[in-house]
Amino acid sequence: MMKKLIGGSESSLKCEICEEREAQYVCRICGRRVCEDDYSREKGICKVCEMSICEICKRHLAVGKCEKCGRIICEECTAYFDGARRICKECFTSFSSYHS
Ligand SMILES: [Zn+2]
Ligand SMILES: [Zn+2]
Ligand SMILES: [Zn+2]
Ligand SMILES: [Zn+2]
């Protein structure tokens, strides 16, 4: 029962990432329609967002990198931000002894 359309009509929505396979899911972060291969089902996000998702909460898009651990982190997981410097809340906990 599976018929493949070869060129011509664009009746089925294409994945917005690979633009090859049929889109089956919608990323909950960016709203892109993506195919199965470009979607992470357990996270509910597309591959593009997966690469830029906060490595701490894994819920929000990262806005920068922690200066200490090098992980990409979102605004909410940023504990300290000073111009170009950014430290995640996890590193900040061990870093707070620095305050003396
Ligand atoms: Zn795709
Ligand atoms: Zn996405
Ligand atoms: Zn986060
Ligand atoms: Zn860190």
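Visitor: Let's start with Glu 20: is Glu 20 buried or exposed?
Guide: This is a predicted model, and here we just count neighbours. Glu 20 has 10 C-beta neighbours inside 10 Å. A residue with 12 or fewer falls in the exposed class. So Glu 20 counts as exposed.

Visitor: And where along the chain does Glu 20 sit?
Guide: Glu 20 comes ahead of strand E1, which covers 25–26. That puts Glu 20 in the segment before strand E1.

Visitor: How far apart are the C-alpha atoms of Glu 20 and Cys 35?
Guide: Along the chain, Glu 20 and Cys 35 are 15 residues apart. In space, the separation of their C-alpha atoms is 8.6 Å.

Visitor: What about Arg 71, which class of exposure does Arg 71 get?
Guide: Arg 71 lies in the loop joining strand E5 (64–65) to strand E6 (72–73). There are 15 other C-beta atoms within 10 Å of Arg 71. Buried needs 20 or more and exposed needs 12 or fewer, so Arg 71 is partly exposed.

Visitor: Which residues does Arg 71 touch, not counting those up to four places away in sequence?
Guide: One useful pair to look at is Arg 71 and Ile 56: they are 15 residues apart along the chain, with C-alpha atoms separated by 8.0 Å. Ile 56 is also among the residues Arg 71 touches. The list in full is Glu 55, Ile 56, Lys 65, Cys 66 and Cys 88.

Visitor: Which residues touch the most other members of the largest nonpolar core?
Guide: That core holds 20 residues. Strand E4 (45–46) and strand E8 (85–88) are the elements giving two or more residues to this core. Domain 1 (12–51) and domain 2 (53–100) each supply at least three. The residues touching the most other members are Val 34, Cys 46, Cys 54, Ile 73, Cys 77 and Cys 88.

Visitor: Ile 73 is on that list, so what is Ile 73 in contact with beyond four places in sequence?
Guide: Start with Cys 54 and Cys 88, which appear among the top core residues and are also contacts of Ile 73. The full set for Ile 73 is Cys 54, Glu 55, Ile 56, Ala 62, Gly 64, Cys 66, Thr 78 and Cys 88.

Visitor: Zooming out, in what order do the elements of the protein chain run?
Guide: The chain has two helices and eight strands. From the N terminus on, the order is β-β-β-β-α-β-β-β-β-α.

Visitor: Which element has the lowest mean pLDDT?
Guide: For the protein chain, the mean pLDDT is 88, with 83% of residues at 70 or more. Among the elements, strand E2 (residues 33–34) has the highest mean, 98. The lowest, at 88, belongs to helix H2 (residues 89–95).

Definitions and conventions. Residues numbered from 1 in each chain as written. Chains lettered and ligands numbered in written order. Predicted model: local features only at pLDDT ≥ 70, side-chain atom pairs only at ≥ 80, totals over all residues. Helix = DSSP H or I, 4+ residues; strand = E, 2+ residues; numbered from the N terminus. Contact = placed C-beta atoms within 7 Å. pLDDT = per-residue confidence, 0-100. Core = buried A, V, L, I, M, F, W, Y, C linked by C-beta atoms within 7 Å. Domains from an automatic or database assignment.
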